[in-house]
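Visitor: Please pick one strand and go through it closely, then work outwards to what surrounds it. Which details can be read off, and on what cut-offs do they rest?

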Amino acid sequence: MFDNFDLMVAALWDGLFTTIWVTLASFAIALVIGAILAVMHVSPAPPARWAANAYTQTFRNVPLLAVLFILFFGFPKIGISAENWVWALVGLGTYTGAFVGETLRSGINSIPLGQAEAARSIGLTFGQSLSSVILPQAFRSVIAPIGTLLTALVKNSALVLAIGVPELSAQAQRLINDNRDRFDLWAVIIGVLISYLIVNLIISYFVRLAEKRAVFVR
Amino acid sequence: MFRRSVIAGIAVATMALAAACSGEASKEQEKEEDVQESVGDYAMEQAAELPAGFIQDIKDKGVLVVGSKFDQPLIGQRDTATGKIEGFDAEMARLLTLRIFGTVDEEGDDANLKFVETTSENRETYVNDGTVDVVIASYSMYPERLPNFDFAGPYFDTGQNVMVAADNTDVQSVADLAGKQVCIAEGSGSIENMQEENPDAEVTTLADYAACAEALANGQTDAVSTDETILYGFTVDRPDAFRVLDSSNIFTEEPYGIAMPLGETDARMFINDMIDEALANGDWEKAFNLTFGAAGMPMPETLPEPNRYEPF
């Protein structure tokens, strides 16, 4: 069970590190895309709403793996090439962005319409009313669902092994198929399981902390 | 007017599709006939005497169950149209069936040869729990595996080689890969082999070798490296796109063996005799020409020699 345990831990740690930075970087992209989408969703201009809707429907209804393959194998065919990890971040970010956008929109919709009307009636522009009245409240009410998206993203990030980013699951496959059969199958599986569990438990802890901080009385 | 042209367009498209399908079907038929002939062609005869135990039990139950790859061109690939398994491993299974039963029948309930799909992950389990009698699935008989199973063979010797784009003239040897991107399937043991053989090569990984071949065709990687037998599987479909380096570049040893449960020494020697017989009577060469040879792999200079090691 504990054959070459130190080698196994080192390899899994390498993978875990990749998983974490891929997750955080693509989550940052997803938050930006999601915020833009949410603003477009509630925008007074119909074309902006249509565009946001088209984007959301596309990415919500296509498997992530298909998105990654289209990016990685499709774009080079039309002359756009990039490193594997770039496509991984773009794929995970654009895909998760659609979900973040929907979540933020539901947050915005939870703010009574009267507040927006009040903001506009005291002379704030659409942008000002969003940034100083609506969004600060909307963000607080969606902390928990956004945290759920982050934990889902940690797990989804395992798919980028298919386009050559050696994250945690990829490292596990290498250990299991080791040429010299040095590693115990179950030790590797349990090691991977524990790694994902630790990451997601830490995320849950911080999400709960943030939620508590953000509590306000309506 | 618009509607009429749409209908005409659909009709033309349908006809083109039908034509394409029938062309495909006749090609499949030809392939099937090839395999049928090949089974009839072998000189292998039923063994005069079967060893008691493992082999006699197979004869008694009337069917040899072989664990094989179903997705590896030239080694073991299931033809979706006919359901037949094609490839060198499948031909070895047919020769073994001839040796035990004297005939090969893969159709219907009375079939005496049955294939079960095995992968690298489940083949050990399948041998041990009796799901299959033997595994013939490009299984390398490494010394450290010998204490776990009985291995007959090797029936084929190969090793890791390199495939590049057909128009690539820079890379003629493994040493030329320094600074070049080499794609290898994620999790494959070939990663470590490449890192040891040429540490200056930049190893990249993708989900599987089909993805690596696609990346090579796209120009996203400079080379693909794994067992030569697998590489030649990609040149079958795209002979103009890829080039496998000369076999003198092979830098690992992959002796493919036939695995059965540990302790079946008599059965192992019986199968070793079968391999020797096939090598002597020309059946091995026929199987090679039907599979690897047809894909352009040159006939190996030295033929495999079964390793009759002492039982552990």
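Guide: What follows starts from one strand of chain B and widens to its sheet, its chain and the partner chain.

This is a predicted model, so a note on conventions comes first: local features need pLDDT of at least 70, side-chain atom pairs count only at pLDDT 80 or more, and totals for chains, interfaces and linings use all residues. Residues are numbered from 1 along each chain as its sequence is written, while chains are lettered from A and ligands numbered from 1 in the order in which they are written.

The part chosen is strand β6 of chain B, residues 134-140. Strands here are DSSP runs of E with at least two residues, helices are runs of H or I with at least four, and both are numbered from the N terminus. Of the seven residues of β6(B), six are buried, so the strand is largely enclosed by the rest of the structure. Buried means that 20 or more other C-beta atoms lie within 10 Å of the residue's own; exposed means 12 or fewer, partly exposed lies in between, and C-beta atoms are placed from the backbone.

Next, the pairing. Strands of a sheet pair through backbone hydrogen bonds, either parallel or antiparallel. Two strands are taken as paired if DSSP finds at least two bridges between them. One partner of β6(B) is strand β1 of chain B (residues 64-68), joined in the parallel sense over two bridges. Here B:Val66 is opposite B:Val134, and B:Gly67 is opposite B:Val135. Another partner is strand β13 of chain B (residues 254-260), which pairs with β6(B) in the antiparallel sense over three bridges. B:Val135 takes part here too, with B:Ala259 as its bridge partner in β13(B).

These strands belong to an open sheet of five, ordered β5-β1-β6-β13-β7 in chain B, with mixed pairing. Its edges are β5 (113-117) and β7 (150-158) of chain B, each of which pairs on one side only. From one strand to the next the twist averages 25°. Such angles run from 0 to 180 degrees between N-to-C directions, and axes are lines fitted to C-alpha atoms, for helices over the stretch in contact. Helix α8 of chain B (residues 265-281) lies across β7 and β13 of that chain, at about 25° to β7(B).

Now the chain around the sheet. Chain B has nine helices and 13 strands, and 43% of its 312 residues are buried. Contact between two residues means that their C-beta atoms, placed from the backbone, lie within 7 Å. In chain B, 69% of the contacts with a separation of 6 or more are between residues 24 or more positions apart. The chain is divided into domain 1 (43-157 + 255-295) and domain 2 (160-249), with bounds from an automatic or database domain assignment. Their centres, taken over C-alpha atoms, are 29 Å apart. Seven residues from domain 1 and six from domain 2 make the contact between them. On the domain 1 side these are five nonpolar, two polar and no charged residues. Nonpolar covers Ala, Val, Leu, Ile, Met, Phe, Trp, Tyr, Cys and Pro; charged covers Asp, Glu, Lys and Arg; the others, Gly among them, are polar.

Last comes the partner chain. Contact between the chains involves 15 residues of chain B and 19 of chain A. On the chain B side, the elements that give two or more residues are α5 (190-197), β10 (202-206) and α6 (209-218). The largest share, three residues, comes from β10(B). By class, this side has three nonpolar, eight polar and four charged residues.

Chain A has nine helices and zero strands. Of its 218 residues, 34% are buried, and its C-alpha atoms fill a box of roughly 75 × 45 × 20 Å along the principal axes. Helices α1 (residues 5-41) and α9 (residues 185-214) of chain A pack at about 35°, with axes 11 Å apart. Residues of α1(A) in this contact include A:Met8 and A:Leu12, and those of α9(A) include A:Ala187 and A:Val188. The contact has eight nonpolar, two polar and no charged residues.
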